[in-house]
Each structure stands twice: as C-alpha cells, then as structure tokens.
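Trainee: I would like to go through this model and test the words we use for it. Please hold each label against its cut-off.

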Amino acid sequence: MMSRALNGLILLALTLLVALPLLFIVLQALFSQPGEGNWSGAFSALPALFEDPQLVPMWLGTLKIGGGVALCSLLLGLPLGALRGLFRLPGAAMWDLLFLIPFLTPPYIVALSWTLALQRNGYFEQLIGINFDSLLFSSTGMTLVMTLNIFPVVYFAVSRSLMASGQRLAWVARVHGASAWRAFAQITLPLTLPALAGGVLLAFTLAIEEYGVPAALGTQAHLTLMTVGIEIKLADWPIDLPGAASLSLMLSLVALTAWFLQRKLTGSSDVTAVNGKPVVQELAEGGRWLPLMLLPFILTVLLAVVLPLGAMTLSGLLNTLSGGLHVNNLTLRHFGALFSQQGDALAAFSTSIGLALGAALLTGLLGFLIAWRVSEGKTRLLAMMDGLALLPAAMPGVVVGVGLILLWNRGFWPVSPYNTMFILLLSYSCLLLPWPVRYVSSALRQLAPTLEPAARVHGASRLQALRLIVLPLVAPSLLAAMMMVFAVASRELVTSLLLAPAGTQTVAIFIWRQFEQGSVGQGMAMATVTLLASLTLMLGATMLMQRQGNK
Amino acid sequence: MPSLKSVKTGAISAMILTSAMMINDAQALTVYTAGPGSLSKSLATGFEKQTGIKVNIFQATTGKVMARLEAEQANPQADVLISASWDTAEDLQHRGWLLPYESANAAKVPEQFKTANYVAQGISALGIVWNTKSGTPEPKTWQDLTAPAFKDKVTTPDPALSGASLDLLIGLQNSEGEKAWQLFDQLKANGMVMSGPNAQAVTPVLQGAKAAVFGAVDYVTYNNIAQGESVKVIFPENGTVVAPRPMMILKSSQHADDAKKFVDYVLSDEGQEQVAKAWLMPARTDIKAQRPLFTEIKLLPANSDGSSERSAVLKRFGALFGQ
C-alpha cells in the first residue's frame, strides 16, 4: 500500500522533471506550432533545418571536439589513474582532491582565463615573451581546454576500478614468471577496460554537452558547436523554436547512444571485479621510481589547476588589463566592488547557494527513494523509473532548458513555475538527479540483502528499517552525491541564462553579464570568491563527515 | 546525532530561503533592458525611491532581450522595454505590440529621437576603440585600419549580435555604396576577425591582443577609460553613426500607469543625469553629458528602413567574415 503510493509519487515527480519537458521538445520538433494547438504541418520545420548551411559543419565540429576530448582524456587520465590505482603515492588523497577542482570550476571561466593567459600580449607573453594565440583559437585549443576540465572522469574511473579489483591476479601472473609489464598488459588492463571505456564515453558525452568553452572560444576559432547553435536559435532574436527543438533532439540522440554504449560496457564490470568481500588494498611501492611517477601528477595539476585558476585570480587582482603585469597595477578594488555593488553580487551569491542547497536536498531525497525502490524489485514499472531517473545524464543542459521553456511558458497552465525561482530549481534538479541515483544504487548493491528483513523480523516497521538501517549505511554515498549536486548547481550557466526570471541573478549569470559589459576584473573577482567559498563549504562538509565517521 | 540536526536546520533554512525568493511581487514593474546593468539598476532604485513601485529588471544584450520577449508572447511578462537598436522598436511598432505614450518630459528630446510610441532613453555612438600602448599609429579614418601596421590587429563585433554594429555597416553602405564593401574586403585581407557581442571585441584590445576595434559602442569604452584603461575612442573623420536606445511600453502591460511613470522618471532631470553618468549621451538636449555629443560628431546619412536590406547586409557581411 505504502510502496504503491510512493511509486505514484516518484513517478509524478519524474514525469514533471524529466518526461514532460522531453515530450514537449519532441512535439515542438515534430509540429511547428503545438503551443497554439495546431497539429498540422508535422515535420515542416525539418527541411529548413537541413537546408541550413551551418548544420553539417556544426555536427562535424561537435563530433570532432567530442572525439578529441575523449581521446585526450584517455591519454591523460589512463596513465595518471593507473599510477594512482597501482602504487602507494604520497599525498594520494590530495591529488584526488586537486583533480576534482577542474571539474568544479565553471568551464567558461577556465576558457576565458586561458584566453587572458595565452593570447597575444597575454600574461605569458608579458612574462616569458611567447604567445599561443594560434593554438588557443583553434579546434585543437578548444579540445585541450575542455580535456583539462573533463579528464578527471577517466582518472577517477580507472583509479577506482584498479583499487577495487585489487592486484591479486596480477601478482599470481608475476609468481608464474610474467614480467611486470606483461602482467599489467594482459591482466590488469583488461580488468580495467570496462571502467576505462565507461570513463571515455562519459568524457565524450560531457564534451558534446558542454556550452561554456565553445561559447567563450568558438567565435575566434570559427567553430560553432551544437550547444551554442541551440542557444543562439533559442536566445537570439529572431528565435527559432522548432529549429532549437530539432537540434536538441539530435544532440540528445548522440548523447543517448554514447550513454547506452557506456552502460553496456560498465554494467558488466561490477560482476567481474567486485565480489562484495572486503578487498585489501595492495598498492605497490614506487621505490626509486617515485619521483618520476609524481612528475606527471605535478605537471597535470600545474596545467589543469594552477595555471587557469592563477590567471583567473590574477585577472581579478589587476587594476586595469591594459596596465599589464606590474606590482603597482595590483588592486583589491574589484573584490571590494563586489560588496558595494548595490547588493547585486551578494544577492546573486545567496540565490545560487540557496538554489544549489535546494537542488541537493530535492535530488538527494528523490534519488535515494528511487534507488531504494529500484533495488527492491525487477518489475517493468521500476525499470522505467530507473531509466527516467538516469535519462537526464544524456540530456545536455541546453536541452533541459529548452524543454522547460516549451513546457511551462504556455498560457494554458493555471499556475506555472515559469518566471519564478522554481523553474531554476526544476532545471537543476532534472540535470543532476542521475548523480544521487547512481551513487546510492551502487551503495545499495553492496549491502547484504538480509539486513532489512532482519530488522523487520525484529519488529521494525518498513519505515523504521529504512530510516535506521538502510539510510545510515548509504548516507556517505548519498552525501557525496549531494555535494556534487551542490557544487555543479552553484555554478550552472546555460539553463540559468535561459530560465532565470526577471530581477534575479545567479552567480553564473552575474559573471556572464560582467563579461558582456566589459568588466572582466569584476567577473573574475566574483569567480574567485565563489570558487573559494564552494571549496571551503565542501571541505568543511568532508571534514565534518570524516569526524562523524571516526567516532 | 548533531549531523542530522544540522541537516535539518539546513533543510529548513533552505526552504525559507527559496520560498522567500519565490514571492514574486505581482505589483512590481518588469523592465527588459539592453545595455549597462549599473544604469538599469540605478534607474530602478531611483524610481522605487520616488514612487515606491518595485522594479524587476531583466538585462542582457539586445538579441537576448528581444528573444525573451518573443518567447513569452503567449504569456507576456515585460511592461517596459529598452533596447539598444532603434530598428527593434520599429519592428515591434509594425507588429502592433506598443502602447502609444508621449511623456511630458520628452519635450526636450530632439524630434529624430522620438515617435508617438517610443522615445530614446539615451544615445551612444560607434567609433574605433584603439589601444594607445599598442605601438600602432592613431587611426583617424576607418580606412586607416587597413594599413599594414594593423595587420591581424583589428577585431569587430558580430553585427548579428550587436544591433549598433549593424547600424554602422548600413550607414557606411548608404553613404559609400560598393566602396564600403571594398573597405570590408580590405579589412578582411588585413586579418580583421569578427568576435561575439561588443564587449567580446573590446576585451582583447584592452589586454593588447588586438590594437583596435572597428565599430565599437562608445559608452562601454568611456567607462573602461574612467577605470584607468589605456584606450581611446576615435570617431573617424569620414563619419560614423549614432545608436539611439529606444524605450517603449508594451501593449500587453498590466501596469500601464506605472510603466508611464517609469518612462517619465527616465526622462526626468534625475533619470537623465543617471544616463549621462553611464557615459551615454542623454536623450534630452538640456542635460549635461560628460562626453562628446552627437552634434559634435560627424555623422553618416541615417539608415533607410527596409528590413530586407538589413538582412541582406547581415548576410553579405556574415559570408565575408563567418566560418
């Protein structure tokens, strides 16, 4: 009885968050004017779309960048992940944390920071006399900048999978006379392949969904990618709703294909590698090779974290850009201005934090319930629930934004969240729901199936068992996922740009508008403050959780 | 369990925070505006102080503001619209979306900057923005940017994203015909690149990645100069165009009376002084500006009105400088 009510509630939430926006995109793409109840002219928008001379270059560009980012992430993430997963490295937790930072930094800020550092007469040329102008403003430059933001997914996939599967089998091979290299190539690597493939495909999906870097570097690289194309169709006058919807649909299909491939490949990895028994982490000693092993870590952190974030902070500290790098051109006035700007910056900050907190709580609750219900059975309804909850992982932000506008910006709704904060909460929750569902599901799979029945036998109600047994056991995973949601939601750009009601700004919008008006210093100061604040919040939460765990 | 307690407190405060933000004052006036965010903010604050009416602002580029207006056609939200391109007002006028209103405060606005339906809030002009430290000779005419000294050092805003930039192209074509296109060809041959909207073209010039912008909106740069940047706005000797910023009330407004009060306020002494402070030319001739006025700038002939011509110019320019 209770579970049926719960199922209904979950399905209602999923319908509102995921299914309806997607349905409206499909309707808009097929019929040009579904808003007016006009069902004629199916597919009438398609010829115009295919005649667009931009379409083919846009597609090829997107696939090329996506493929390039996937490949480069593999080249960077695999060796680093392998070293981390196989050897006892000093400061292992610190490297993990450092590699998390590029993932948490707004990509368009990173792209702009690179621009200010690398372009002609940029910081590099002022310091060491060379510029990378032609490299940066090309598809190669775009690929590299995106790789430095995205490669951590491959790194984490590889290192975690190696740590989980352990080295026992490889040691067996060594005992039987295989060389270290042979044991790695024939035992360890094949075991990691599913996770590796999953990570690479995820990198591809993230790259084709990315909006910030293409928007910041695209015009000068003469490359318009799909996400930017959709945003222009939708947010520049004259708007083209059917065109935006059809492009959205196409982009989602590519992402969905990649995502299905990834699920097929990673689905089997759980079976072979993790058997539920506690695995002793047998990390090898690096010995005299250790300094050589640490070198790629140091270089990567320098490239992916120190340089872009350094350029970002520096831009916020420079009094004028034309003044260049001089001690007497340093000032705190951009930071100071954030607090005096008629309260705009602070309001944007509290709006973003509030929304990110709301999204974390909403997706945390919903994600937990979905994962728990899905773990209990294999009915068609539950499978559908699972699919719907994970679907947004394959929906680019710009597509979710389009869907929510098409759905809610209609005259026929008696009440609509459009033009209120709720629409932003909805969009963040839709986009980020897959994180808690994924994290909690994998945590639940590791629980012994007898725990809950044992509690029920001892007289606990279903709810009590859930609250006192299941929830505490999956809480670390759930909290980790919610922190991820919080971090991403607090900097989300593209749906915020599309959906924010008049009179409100989020952090990302505030920064974007500062750039639009030529106040680079102010935008960068805001970006720096926000990054510091979210990092502090996340570190604080991690430390709090660890202290709780030690008691 | 202190952690659970803190989670609960967090949840409750989050809910209070979000619900406080949800309360969207139905009585508030909604203003969609392109251009300086600090100006729209100070106009809203001044207006609220004077009348007690709250103002919600949506501020973005002209293209984004118009797109939002169009997207909300089924359920209009905006009461007042301030765009950066005169052309958009003409377009909305043709569609019949505007509420006629002539403010008493518009008496001192020159005839060419007002109609029965819309009136200029302020006026900007287009010029060359030049980095004084770039080591290039100071350009005096548009043609100077085709000199070898400016090889690969010129950028221009995308006219598809910057309405004012398109006005300049049309102004040049109207006064010089095919000679204007020869100029664009030469600029292209000299390595001029097209960037995003106005600021995206100006920022590389601030850092010195480029030496000059061909056709930038002037007020943004005047503001940069006031902040200490070493750049200069140059109005070429052979003439440029001004971009009046039309302000209009939408017919769909539920708050027409308040909207009229807002227009009155923007055109009042106080409102126009705010406009001047944002480095624009005030629409009223009797308010002091801190920058050259359109009477002091050599102007190209005003653009004609056919919209097909606009899209033709845009298409031709896009083909020349696009991918």
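Trainee: What covers the buried residues of helix 9 of chain B?

Mentor: This is a predicted model. The cover includes strand 1 (29–34), helix 2 (37–51), strand 3 (80–82), strand 5 (118–131), strand 10 (242–250) and helix 10 of chain B.

Trainee: Which residues of helix 9 (residues 256–266) of chain B are the buried ones?

Mentor: They are Asp258(B), Ala259(B), Phe262(B), Val263(B), Tyr265(B) and Val266(B).

Trainee: What puts them on the same side of helix 9 of chain B?

Mentor: They cover an arc of only 160° around the axis, so they lie on the same side of helix 9 of chain B. The general rule helps here. An α-helix has 3.6 residues a turn, so residues three or four places apart point the same way.

Trainee: Why is the pair Arg95(B) and Asp91(B) called a salt bridge?

Mentor: The N to O distance between the two side chains is 3.0 Å. The cut-off is 4 Å, between a side-chain nitrogen of Lys or Arg and a carboxyl oxygen of Asp or Glu, so the label holds.

Trainee: What separates Arg95(B) and Asp91(B) along helix 4 (residues 86–95) of chain B?

Mentor: About one helical turn, because they are four residues apart in that helix.

Trainee: Why does Arg95(B) count as partly exposed?

Mentor: Its relative accessibility is 34%. Buried means under 20% and exposed means over 50%, so a value in between is partly exposed. Asp91(B), with a relative accessible area of 25%, is partly exposed too.

Trainee: How do you know that Arg284(B) and Asp269(B) form a salt bridge?

Mentor: Their side chains meet at 2.6 Å, N to O. The limit is 4 Å, so the pair qualifies. This pair links distant parts of the chain, with the two positions 15 residues apart in numbering. Arg284(B) is in the loop between strand 11 (281–282) and helix 11 (307–321) of chain B, and Asp269(B) is in helix 10 (residues 269–277) of chain B.

Trainee: Is Arg284(B) buried or exposed?

Mentor: Buried. Its relative accessibility is 8%, and the cut-off is under 20%, so the label follows. Asp269(B) stands at 44% and therefore counts as partly exposed.

Trainee: What makes a network of Lys108(B), Asp269(B), Arg284(B) and Asp286(B)?

Mentor: Salt bridges that share partners join these residues into one network.

Trainee: Which parts of chain A does the pair Arg84(A) and Asp96(A) link?

Mentor: The side chains form a salt bridge at 3.0 Å, N to O. Arg84(A) is in helix 3 (residues 55–86) of chain A, and Asp96(A) is in helix 4 (residues 92–104) of chain A, 12 residues apart. Both Arg84(A) and Asp96(A) are buried.

Trainee: How many salt bridges cross the interface of chain B and chain A?

Mentor: Two. Asp344(A) and Lys41(B) also meet in a salt bridge, at 3.0 Å, N to O. That value is within 4 Å, so the name is earned. Helix 1 (residues 2–22) of chain B gives the most to the side of chain B that touches chain A, with nine residues.

Trainee: How many residues of chain B are in contact with chain A?

Mentor: 64 residues of chain B are in contact with 56 residues of chain A. The two chains bury about 5,100 Å² between them, 50% of it on carbon and sulfur atoms.

Technical notes
Residues are numbered from 1 along each chain as its sequence is written. Chains are lettered from A and ligands numbered from 1 in the order in which they are written. This is a predicted model: local features need pLDDT of at least 70, side-chain atom pairs count only at pLDDT 80 or more; totals for chains, interfaces and linings use all residues. Side-chain values use heavy atoms; hydrogens and water are left out. Buried means under 20% relative accessible area, exposed over 50%, partly exposed in between (1.4 Å probe, protein chains only). The arc is that of the directions from the helix axis to the C-beta atoms. Contact means heavy atoms within 4.5 Å. Buried area is the accessible area (1.4 Å probe) that two parts lose on being put together, summed over both.
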